[in-house]
Amino acid sequence: MLVSAKQMLEKARDEKYAVGQFNINNLEWTKAVLLTAQENNSPVILGVSEGAGKYMGGYNTIVGMVNGMIKDQNITVPVALHLDHGSYEHAKKVIAAGFSSVMFDGSHYGIDENIAKTTELVALAHEKGLSIEAEVGSIGGEEDGVVGTGEVADPAECKLIADLGVDMLAAGIGNIHGKYPENWAGLSFDVLKEISAQTGSMPLVLHGGTGISKEMIQEAISLGVSKINVNTECQLVFAAATRKYIEEGKDLSGKGFDPRKLLAPGFLAMKDTVKEKMELFGSINKA
């Protein structure tokens, strides 16, 4: 069954590793992440953006698919189903649909409105037993059409949001969605240290986990990062494996490609990538 991310992140914070959030976009991605988590005895968070939710047929459909797969594939490790970068309206929708965790991204609002909306959603999520993530300082790059410039969060504002009772906090520290440019300045660890000092034991979240070096990941974890999001790298490996299969024409016939065979190489590439990230984050055998 689906669980809140709260307990798994508190354990990760205390034991100095991070739980991976891997965004899902279809059945193959979901199956790849769940099977890899089970095989490696790792807790895991399935992230769903609003765009992916629409593509997969709606939040109720996703809840049904994930719950069914957990049962049929005998998944026993902790699994949270989490709305990624959710708006105020969609946060309420996933709570009603049966997600076990939700992110409200109020970073584009002024701090007062961010506080007001976060306060309301914290109460609603906790009433239903869900964990909730908030954000201060927008994350750079683009996520479902929402563009952030890679702000560095104000530690004082982070404390204001953390004190509302959220279970995890995403704070911009120079990280971005998508591939990092060659001239990227890196993560602002001085700011992360101050945010950690201001928010105490609050598990912190690092968005944009694709392409961040092992050394930066380890330092971020040492400063309280307990959840790291990965999406772009999965997109790249899945697309590359699928493209290679098509170009090789192994399954080409008068009837075209068998979709189950067509998507199999991407599925396997996803599994390899998810395992590599779990090893990097230190979550293997932590379920």
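**Strand 5 and its surroundings**

Me: Which residue in strand 8 is the bridge partner of E135?
Reply: This is a predicted model, in which local features need pLDDT of at least 70, side-chain atom pairs count only at pLDDT 80 or more, and totals for chains, interfaces and linings use all residues. Residues are numbered from 1 along each chain as its sequence is written, and side-chain values use heavy atoms, with hydrogens and water left out. Strand 5 and strand 8 (residues 168–171) run parallel and are joined by four bridges, strands being DSSP runs of E with at least two residues and helices runs of H or I with at least four. Across this pairing E133 stands opposite M168, while the partner of E135 is A170.

Me: Which residue of strand 4 stands opposite E133 in strand 5?
Reply: Strand 4 (residues 101–104) pairs with strand 5 in the parallel sense over four bridges, where pairing needs at least two bridges found by DSSP. In this pairing, the residue opposite E133 is M103.

Me: In what order do the eight strands close into a barrel?
Reply: The pairing in the barrel is parallel, and the twist from one strand to the next averages 25°. The order in which the eight strands close is 1-2-3-4-5-8-9-10.

Me: Is strand 5 buried or exposed?
Reply: On one side lie S131, E133 and E135, on the other I132, A134 and V136, and both faces are covered. Buried means under 20% relative accessible area, exposed over 50% and partly exposed in between, with a 1.4 Å probe and protein chains only. Six of the six residues of strand 5 (residues 131–136) meet this, so the strand is largely enclosed by the rest of the structure and counts as buried.

Me: Why are helix 5 and helix 6 described as roughly parallel?
Reply: Helix 5 (residues 88–97) and helix 6 (residues 111–127) have axes 11 Å apart, and Y88, A91, K92 and I95 of helix 5 meet K117, E120, L121, L124 and A125 of helix 6, contact being heavy atoms within 4.5 Å. Angles run from 0 to 180 degrees between N-to-C directions, along lines fitted to C-alpha atoms over the stretch in contact, and those under 35 degrees count as roughly parallel, over 145 as roughly antiparallel, 65 to 115 as roughly perpendicular and the rest as oblique. The two helices are therefore roughly parallel, packing at an angle of about 0°.
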